[in-house]
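The exercises below are meant to be worked through with the sequence and the model side by side. Each task is followed by a solution that goes step by step.

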Amino acid sequence: MRILLLASAFNSLSQRLHAELRDRHHTVDVHVAGDDGELRAAVRRLRPDLVLAPMLRTAIPPDVWSEFTCLIVHPGPPGDRGPSSLDRAIQEGRTEWGVTVLQAEAEMDAGPVWAWAHCRLPERGKSDLYRNEVSDAAVSAALLAVERFASGTYAPQPQHGPGWWGTVRERPVLRQEKRRIDWAKDRTDTVLRKLRAADSQPGVLDVLCGGEWYLHGGHREPHLRGRPGELLATRAGALCRATTDGAVWIPELRRRRAPGGPATFKLPAVTALGSLLPPLPEVAAPLMPGDDVDPGWTDIAYHEAGPAGFLCFSFPGGAMSSDHCRRLLEAYRFALGRPTSVLVLGCGRDFFSNGIHLNVIEAAPDPAAESWANITAMDDLVAAVLTTTDRLVVAAVGGNAAAGGVMLARAADEVWCRAGSVLNPHYRLMGLYGSEYWTYTLPRRVGAAEAERLTGQALPVSAAAAERIGLVDRVLDCGPEEFAPSAAHLAGLFAASPVVQGRIAAKKAARRADERARPLASYREEELAVMRGQFFTPESPYHALRSAFVRKRPAPAGLLSRT
Ligand code: COA
């Protein structure tokens, strides 16, 4: 079928559906909603069999939905209506939820139901759930709806009358007044629910250090205590704040936009507050906590199970600043000092990595210099992985990855990926040539022609397609919460298998031969020579594209075609 994906942004779910539908041999076009006239022109030109809207913030014009069947993906169970479904479900503490695919009609979310799927809501932030449990349910419901539509015989279920079992509940947008944290009254559970329901957007508006800030992210702190609302400590750029019965870690902040002022963007909390932050102790979590120690939230941690080591990391939005890269490299070196034969990197759910931290770069006094520092730190990390020859390294990609984040994973000997992951192995959308030794790793894995196609077309790739082309070595067909235990189980079997020592020896020999043929340093130099030009030329598209990206503005017209 010819399917038009209509979305307010080509976001993770749209990318995943795009990849999954193409994998099933549908012809898929994408239209980013905005101007109704342009939408009308697109549907009349493309004449799709079906319009599928994975994430739409605006209504489809009646003349479009009456001429073409338009299916809307709604992140709530049948009968649930309104724009803040998932936010409300999380804030109410629900543990079970659903995703419904319904037909567009005059009344929002009120059309007949084509398919729906159930999902669990573990205690995670909204965007993480959206990219994982909700995305899995949305894909299975959307694919079922597409199949039913293609059959030509399926009658969707109206939200009333015979056969209807749902409860219609119209719920308005969840505004900041209802998200507000009352630090003097709210218990940790309540605070965490509010933070998770607003993570990563819109955040919870609050007052901190005399200013108005949106709080982004929230994790329970097991030990530190203080007066409710008091700032207690910092850790890896995050702030710890006391509740009535405990404390929480808040990793990121965004300054409230001044009326008529420029758009603001999220930053690590300590960076955002800068000199406004009162002196606080930095309470680091141990990198390798003992079994009986609960260190609470941390962005980098190491543990072992027999001959397998696990260096787990998770950074908000998958963005890795110079500081993240350096700390992770330090932890990687620690892991290399341990007696293991397999070292697993990542292991978490949600984003593995999306490359250099564009927000931190944008906020730096000299963004070009910070871009350079960040890519250098990233390259140092990737180099350490590429030159590890005394053990096998596995990248365990539990969520999505993009740009340098995919190349970081590809530097490992094996890449294991969750079935629902979407990979964007390209830098083009940021106007960059890219580094992370991709010119060494990518063609060796997928071939020169495929590497050129991936980096040039700049399209998302599903985990299944990535495995087919050799970008990924193994796909784990499991839920987001099961990924880490499944990867750990596999890593244990792998580390104990008799083939490991042979593979380590072969890897050492292959690295030596590759180095003789062309030193790794020369790949890096060549990549960085191009990147240097892109960073240090003020009029290069990268600066305008980065500025638009962090402020959530559309990419300036014409810039992408020049990259
Ligand atoms: N730096 C800073 N923030 C980043 C980031 C990066 N490299 N990559 C993603 N993010 C943030 C986004 O701003 C967004 O923040 P929000 O949750 O507050 O809105 C969040 O991560 C999720 O990204 P979003 O773009 O909404 O998700 P998506 O699934 O629609 O798209 C990507 C995912 C990775 C394709 C897209 O974010 C992207 O192109 N990122 C930039 C990749 C890149 O060019 N890196 C630099 C070169 S190495």
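Helices (H or I, at least four residues) and strands (E, at least two) are DSSP runs, numbered from the N terminus. The model is a predicted one, in which local features need pLDDT of at least 70 and side-chain atom pairs count only at pLDDT 80 or more, while totals for chains, interfaces and linings use all residues. Residues are numbered from 1 along each chain as its sequence is written, and side-chain values use heavy atoms, with hydrogens and water left out.

**Exercise 1. Find the unusual backbone geometry around the loop that holds P202.**

Begin with the general expectation, which is that most residues other than glycine have a negative phi and most peptide bonds are trans. The loop between α8 and β9 contains P202, and the peptide bond that joins Q201 to P202 is cis, with omega about 5°. S200 also has its place in the loop between α8 (188-197) and β9 (204-208), and the bond leading from D199 to S200 is cis, with omega near 10°. Then go on to C209, in the loop between β9 and β10 (211-216), where phi is positive, about 50°, although C209 is not a glycine.

**Exercise 2. Describe the surroundings of the ligand.**

Count a residue as near when one of its heavy atoms lies within 4 Å of the molecule; on this basis 24 residues surround the ligand, and S200, Q201, K266, I356 and K552 come nearest. Next look for polar contacts, which are pairs of N or O atoms within 3.5 Å (within protein, one must be able to donate a hydrogen and the other to accept it, and residues adjacent in sequence count only if both atoms are side-chain atoms). A polar side-chain atom of K266 is 2.8 Å from an oxygen atom of the ligand, the side chain of K552 has an N or O atom 2.8 Å from a ligand oxygen, and a backbone N or O atom of S12 lies 3.1 Å from a ligand oxygen. Of the 850 Å² of accessible area that the ligand has on its own, the protein covers 87%, where areas come from the Shrake-Rupley method with a 1.4 Å probe and, for residues, only the protein chains shown count as cover.

To finish, sort the shell by residue type, taking Ala, Val, Leu, Ile, Met, Phe, Trp, Tyr, Cys and Pro as nonpolar, Asp, Glu, Lys and Arg as charged, and the others, Gly among them, as polar. The shell around the ligand then divides into 9 nonpolar, 12 polar and 3 charged residues.

**Exercise 3. Which parts of the chain does the salt bridge between R2 and D29 tie together?**

A salt bridge is a side-chain nitrogen of Lys or Arg within 4 Å of a carboxyl oxygen of Asp or Glu, and a search of the whole structure finds 45 of them. In one of them the side chains of R2 and D29 meet, at 2.9 Å from N to O. Because R2 lies in strand β1 (residues 2-7) and D29 in strand β2 (residues 27-32), the pair ties together parts that are 27 residues apart in sequence.
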